[in-house]
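Open your viewer, switch to a cartoon view, and keep the selection box handy. We will go stop by stop, with something to select at each one.

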Amino acid sequence: MKITHLSKVYKTKYESVSALENIHLTLPDRGLVFIVGVSGSGKTTLMNILSGVDKPTTGDVIIGERSLYNTEEKQMFGYRNSYVGLVFQDYNLIEDLNVYDNIKLPFELLGKTDFSKVDEVIKKVDIEDIKYSKVTEISSGQMQRVAIARALIKDSSLILADEPTGNLDSKNERIILDLLKEISKDRLVVVITHGAEAAVEYGDRIIEIEDGNIVSDTNPITEVQEQTPKFVEPKTKFKQQVKFTKGFIRNNLARSLAIALLLLLVPIIGGILSGYVFYDVSTAFKMHQDEYKSEYVTLSQSLRGFDLYYTSEQMEEFQSKYPGSRLIEHTDANFNINIHNLPEDYFYRPEINNILIYDSKFELEGFEPIDETEIAITDYLLESLNYYGITNTDTLTLDGNTYKVVGIVKTNYQDFKNINFSQDEYSRLAFEENL
């Protein structure tokens with residue numbers, strides 16, 4: 001394995017932090033290599049790049065003649081599945097599976113079906129007596145041996161161990177280090193650690209990192225004879241997915257019920273929202289007419305993308321509310337239609353371009369608007385425009401449309417200019433809102 005020109009820069013909102021700086025390194029195809037350094041030195045970043053968990057900013061990792069980062073990203077699944085095995089300080093075992101199934105899982109992802117090798121690996125790491133135990137019921141040292149067995153089962157060419165003895169007592173620490181030493185006789189084992197004592201005793205090579213740079217290397221090499229590997233992508237079976245799901249539900253019952261409830265509510269809420277978005281009230285009215293033989297006329301106009309509907313009863317209500325006023329509507333609709341003479345399946349829905357209702361006691365100076373380019377404004381709006389320095393009041397632009405002002409509606413707003421609202425708070429609020 002060759003590491004060439006490897007750099008990693010993490011960018012934050014305020015600064016860029018260089019974790020690795022132009023690392024060059026050649027690793028053998030077998031042996032126990034320790035990468036040591038204090039926290040923040042860059043050793044964990046290097047491990048993440050070697051494991052395929054993180055990407056370098058620049059540079060590459062070459063295995064045989066195969067580039068790891070300058071080729072298609074899809075191959076990374078196969079690399080992590082078949083070439084590299086990971087051993088973590090906190091074990092990362094799957095609690096829903098027992099010891100045996102935790103070790104067997106990576107083997108299954110390789111598409112293997114002969115599980116006799118699982119027993120061989122279990123025997124090698126000396127955990128035969130707990131192979132059917134839950135991982136939550138075994139000791140820390142046993143958990144780490146399970147994690148090592150899980151990495152071994154794949155026949156990985158590279159095993160990366162991040163602080164594998166960090167959570168262990170001295171007895172179990174020696175057991176794990178002896179095990180890693182034995183394993184390294186036929187493959188490469190890289191241990192990331194901050195303590196140099198174990199490295200000195202067990203390591204075939206010690207690489208020290210400081211501030212993203214290699215500061216010492218006890219056994220550097222420049223060439224390695226390594227075959228170009230074949231990466232095997234993971235193969236997940238439906239049976240495995242069912243097993244994981246059942247285990248998750250069993251161990252997380254409350255969360256599973258919450259997820260099930262959410263999945264149930266999503267289509268219901270979606271249906272309600274889509275009903276609001278795509279609801280056509282005219283179709284609903286037509287269905288109502290067909291079902292109940294209703295005899296009323298529906299008029300509609302478009303306003304900000306919505307349809308507003310007025311029944312004949314509402315029209316009569318407008319007329320009674322403003323006696324003496326006129327309902328001015330510009331449309332091809334004929335209000336004198338005799339509803340009782342219409343065909344049974346007839347649905348009357350003219351488009352009204354404009355409805356104007358105003359109180360007859362107000363005087364109109366000028367003309368009523370008669371088409372969609374004309375507008376009438378009130379006298380207090382005219383005074384407001386003049387107050388803010390708008391002297392050209394022949395036209396008025398509203399919502400991007402320009403109208404010709406053809407009339408001024410005279411109101412009694414002068415009566416309210418100096419009114420005392422101290423005894424009537426609600427009237428004051430209503431008046432200010434209208435202003």
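## First stop: a hairpin

Select β9 (205-210) and β10 (213-217): these two strands run antiparallel and are joined by 4 bridges. Two strands pair if DSSP finds at least two bridges between them. Strands and helices here are DSSP runs, numbered from the N terminus, with at least two residues (E) for a strand and at least four (H or I) for a helix. Show the side chains of E208 and S216 in β10, which stand opposite each other. Then move to the turn: the hairpin of β9 and β10 has 2 residues between the strands, and D211 there has a positive phi of about 50°.

A word on the model before going on: residues are numbered from 1 along each chain as its sequence is written, and the side-chain values use heavy atoms, leaving out hydrogens and water. The model is predicted, so local features need pLDDT of at least 70 and side-chain atom pairs count only at pLDDT 80 or more, while totals for chains, interfaces and linings use all residues.

## The six-stranded sheet

Now widen the selection to the whole sheet. It is open, has 6 strands in the order β6-β7-β8-β3-β9-β10, and its pairing is mixed. At the edges you will find β6 (84-87) and β10; each has a single partner strand, so one side of each is left without a neighbour in the sheet. From one strand to the next, the twist averages 20°.

Pick out β6 and β7 (residues 158-162), a parallel pair joined by 4 bridges. G85 stands opposite I159 in β7. Next, select β3 (31-36) with β9: they also run parallel, over 4 bridges. Here F34 stands opposite I206 in β9.

What lies across this sheet? Add α1 (residues 43-51): this helix lies across β3, β6, β7, β8 (188-193) and β9, running at about 150° to β7. Such angles run from 0 to 180 degrees between N-to-C directions, with axes fitted as lines to C-alpha atoms, for helices over the stretch in contact. Helix α6 (residues 170-183) packs on the sheet as well, touching β3, β7 and β8, and its direction makes about 145° with that of β8.

## Three helices in a row of stops

Keep α6 shown and add α5 (residues 140-152). α5 and α6 pack at an angle of about 15°, with their axes 10 Å apart. They are therefore roughly parallel to each other; angles under 35 degrees count as roughly parallel, over 145 as roughly antiparallel, 65 to 115 as roughly perpendicular and the rest as oblique. Their crossing is right-handed, meaning that the near helix is turned clockwise from the far one by less than a right angle.

To see the contact (heavy atoms within 4.5 Å), show G141, Q144, R145, I148 and L152 in α5, which meet N172, I175, I176, L179, L180 and I183 in α6. By class, this contact has 7 nonpolar, 3 polar and 1 charged residues. Ala, Val, Leu, Ile, Met, Phe, Trp, Tyr, Cys and Pro count as nonpolar, Asp, Glu, Lys and Arg as charged, and the others, Gly among them, as polar.

Next, bring in α3 (residues 99-109), which packs with α5 at about 25°, the axes 7 Å apart. α3 and α5 are therefore roughly parallel too, and α3 passes α5 in a right-handed crossing. Show V99, N102, I103 and P106 in α3, which meet V146, A149 and R150 in α5. The residues of this contact divide into 5 nonpolar, 1 polar and 1 charged.

## The four-stranded sheet

Select β2, β1, β4 and β5, an open sheet of 4 strands in that order, with antiparallel pairing. β2 (16-26) and β5 (66-67) stand at the edges with a single partner strand each, so one side of each is left without a neighbour in the sheet. Between β1 (residues 2-11) and β4 (residues 58-63), 4 bridges form an antiparallel pair, and the bridge partner of T4 in β4 is D60. Look for α1 again: the helix also lies across β1, β2 and β4, at about 115° to β1.

## Last stops

The structure holds 5 aromatic pairs. One of them is Y79 with F231, an edge-to-face pair at 5.4 Å centre to centre and 70° between the planes. Y79 lies in α2 (residues 75-83) and F231 in the loop between β10 and α8 (238-251), so the pair ties together parts that are 152 residues apart in sequence. Rings of Phe, Tyr and Trp (its six-membered ring) pair if their centres lie within 6.5 Å; planes under 30 degrees apart count as stacked, over 60 as edge-to-face and the rest as tilted.

Finish at β17 (residues 395-398) and β18 (residues 401-410), an antiparallel pair over 4 bridges. T395 has K404 in β18 as its bridge partner. In the hairpin, with 2 residues between the strands, D399 takes a positive phi near 50°.
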